[in-house]
2 protein chains.
Amino acid sequence: MGPGMVSTAHRLRDEIEGLIVTGVLAPGEKLDEVQLANRFAVSRTPIREALQQLAAAGFVEIRLRRGATVVRIGPERLVEMFEVMAELEAMCARLAARRLSDADRAALLEAHASCRAAAEREDPDAYYYENERFHYALYRAARNGVLEEEARRMHARLKPYRRLQLRVRNRVGASWREHDGIVQAILDGDPAQAADRARAHVTVQGERFADLMASLAQYNLAAE
Amino acid sequence: MGPGMVSTAHRLRDEIEGLIVTGVLAPGEKLDEVQLANRFAVSRTPIREALQQLAAAGFVEIRLRRGATVVRIGPERLVEMFEVMAELEAMCARLAARRLSDADRAALLEAHASCRAAAEREDPDAYYYENERFHYALYRAARNGVLEEEARRMHARLKPYRRLQLRVRNRVGASWREHDGIVQAILDGDPAQAADRARAHVTVQGERFADLMASLAQYNLAAE
DNA sequence: TTGTCATTTTGTGTATACACGAGACTTGAC
DNA sequence: GTCAAGTCTCGTGTATACACAAAATGACAA
C-alpha cells in the first residue's frame with residue numbers, strides 16, 4: 001500500500017460528503033446506517049465513523065438513538081454562515097496583502113488566470129472548480145494554518161449553496177471582476193481594501209438570496 | 001431516562017477533553033484505546049467515537065494505524081490560533097454593539113459584574129470561570145449562531161493555555177479593565193471601537209507568550 | 001558494538017453480535 | 001371514527017471478535 005492510503009471510514013466520509021454536497025442526499029434526508037453499509041459494501045462501523053466526522057464538519061446532525069440526517073439549513077442560518085464566511089475571507093485577504101510570499105502570489109495569480117479563462121468561456125462548471133482553487137490559494141496566502149483550516153471548513157459547508165449561485169445570469173463574470181479587485185488590492189499591499197473587497201465578494205452572494213430562498217424553502221418543504 | 005441523557009461516547013468525549021484541558025493528559029501523549037477503555041470501564045467502541053470527536057475539535061490527532069495523541073501545539077500555531085480568536089472575538093463585539101438585545105445585555109452585564117467580584121477578590125480560579133461566562137455571553141450577544149459555535153470551538157481549543165495566563169502578575173485586573181472597555185463600547189453602540197478593544201484583549205494574551213513559550217517549549221520537550 | 005533482517009507482539013481498523021429505547025402498529029374503548 | 005394503551009419491530013448504541021499493519025524484539029553478521 002502506498003503512502004496516500006486512507007482508511008475505509010475516511011474514504012466513506014469523502015464519498016458521503018460528496019453525495020450531500022451534490023444534492024444526491026437531500027437536506028433533511030435520513031441516513032440509515034445499515035442501508036449505507038449495504039450501499040458501500042462495508043459494515044456499520046466505518047459508516048458510523050464517517051457520520052461522526054460529517055456531523056463534526058456540520059454536514060449531518062446526529063440525535064441520540066434517532067440516527068443521522070442531512071442538515072437542513074434554513075434561511076437565517078445560511079445568512080449567518082455567509083456572514084462568518086465573509087469575515088474569514090476578509091481576514092485572509094487582509095493578511096495576504098501583508099504577507100504575500102512569491103510562491104503564494106504565483107499560486108494566486110495562476111488560479112486567478114484559470115478563473116478568467118473559464119469565465120471567458122462562460123463555463124459555470126469549470127468556473128466553479130477554478131473558483132475553488134482561487135479561494136484556497138487566498139486562504140493559503142494568509143500564512144495562517146489555523147485560519148486556512150477554518151476558512152476551508154466553512155467554504156465546504158457552503159458548497160451546496162454556492163453551486164446554485166453561479167447559474168445566475170452574469171454572475172460568473174461579476175465574480176471574476178470581484179476576484180480581480182481583491183487580487184489588485186493584495187498586490188498593492190493594501191490590507192484594508194483587500195479585506196473590504198473580499199468581504200463584499202462573499203456578502204454579495206449572501207444578498208442574492210431573496211430569490212434563492214424562495215426556491216430553497218419549497219425545496220426543503222418538499223424533502224420532508 | 002431524563003431529557004438530558006447523553007450517550008456513553010458523548011460523556012467520554014467531555015471527560016477526556018477535560019483531562020486534556022487540565023493537562024492530566026499531556027500534549028504529545030499517546031492515547032491507547034484499550035487503556036482508556038479499561039480506565040472508563042467501557043468497550044473500545046465509544047472510546048473511538050470520543051476520540052474521533054476530539055480529533056474533529058482539534059484536541060487530538062489521529063494517524064492511520066498509529067492511534068491518537070494529544071495535539072502538541074507549537075509556538076507558531078499558538079500564535080495563529082490567537083490571531084484567529086482575536087478576529088472572531090472582534091466580530092462578536094462588533095455585531096453585539098449593533099444588535100444587543102435586552103436579554104443579551106443583561107447576561108453580559110451580569111457576567112461582567114461576576115468577573116469584577118472575582119477580580120477584586122484576586123481569585124484567579126474564580127476569574128477563570130467567570131471570564132468564560134463573560135466571553136460566552138459576548139459570543140451569544142452577536143446574534144449569529146454559527147459565529148457563536150466557531151468562537152466557542154476556538155475558545156475551547158485555547159483553554160489549556162489561557163489558564164496559565166491568568167497566573168501572571170496583575171493579569172486578572174488588567175483583563176477586567178479590558179472587558180470593561182469592550183462592554184462600554186458595546187453599550188455605546190460603537191461597533192468599530194468594540195471590535196478594536198475585543199481584538200486587542202485577545203491579542204494582548206497572545207503577545208504575552210515570549211515568557212510562556214519558554215516554559216512551554218521545555219514542557220513539550222519533557223513530554224516526549 | 002552496531003546495524004540489518006526475521007519474527008513476534010501489540011494495537012488499530014473493520015466486522016459481527018447483542019442490548020435496549022423510540023416509533024410504528026395493533027387493539028380496544030368510547 | 002377517533003384516540004389511548006399495550007405490544008412489536010426496527011435501528012441505534014455498545015460490546016466483542018477477528019484481520020492485519022506497524023512497532024518491538026531478538027538473532028545474527030559486520
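## Around DNA strand D

DNA strand D has 21 residues around it, and R44(A), R48(A), T8(B), S43(B) and T45(B) come nearest; a residue counts as near when one of its heavy atoms lies within 4 Å of the strand. Of the strand's atoms that come within 4 Å of the protein, sugar and phosphate make up 61%. This is a predicted model, where local features need pLDDT of at least 70, side-chain atom pairs count only at pLDDT 80 or more, and totals for chains, interfaces and linings use all residues. Residues are numbered from 1 along each chain as its sequence is written, chains are lettered from A and ligands numbered from 1 in the order written, and side-chain values use heavy atoms, with hydrogens and water left out.

## Touching the bases

Now for some polar contacts (pairs of N or O atoms within 3.5 Å). R44(A) has a polar side-chain atom 2.9 Å from a base nitrogen of DNA strand D, while a side-chain N or O atom of T45(B) sits 2.8 Å from a base nitrogen of the strand.

Which element gives the largest share of the surface near DNA strand D? That's α3(B), with three residues; helices here are DSSP runs of H or I, at least four residues long, numbered from the N terminus.

## Where the chains meet

Chain A and chain B each put 29 residues into their contact, meaning heavy atoms within 4.5 Å. There are 12 salt bridges between the two chains (a side-chain nitrogen of Lys or Arg within 4 Å of a carboxyl oxygen of Asp or Glu). One of them pairs R77(A) with E149(B), with the closest N and O atoms 3.1 Å apart.

Technical notes:
Polar contact = N/O pair within 3.5 Å; in protein donor to acceptor, adjacent residues only side chain to side chain. Helix = DSSP H or I, 4+ residues; strand = E, 2+ residues; numbered from the N terminus.
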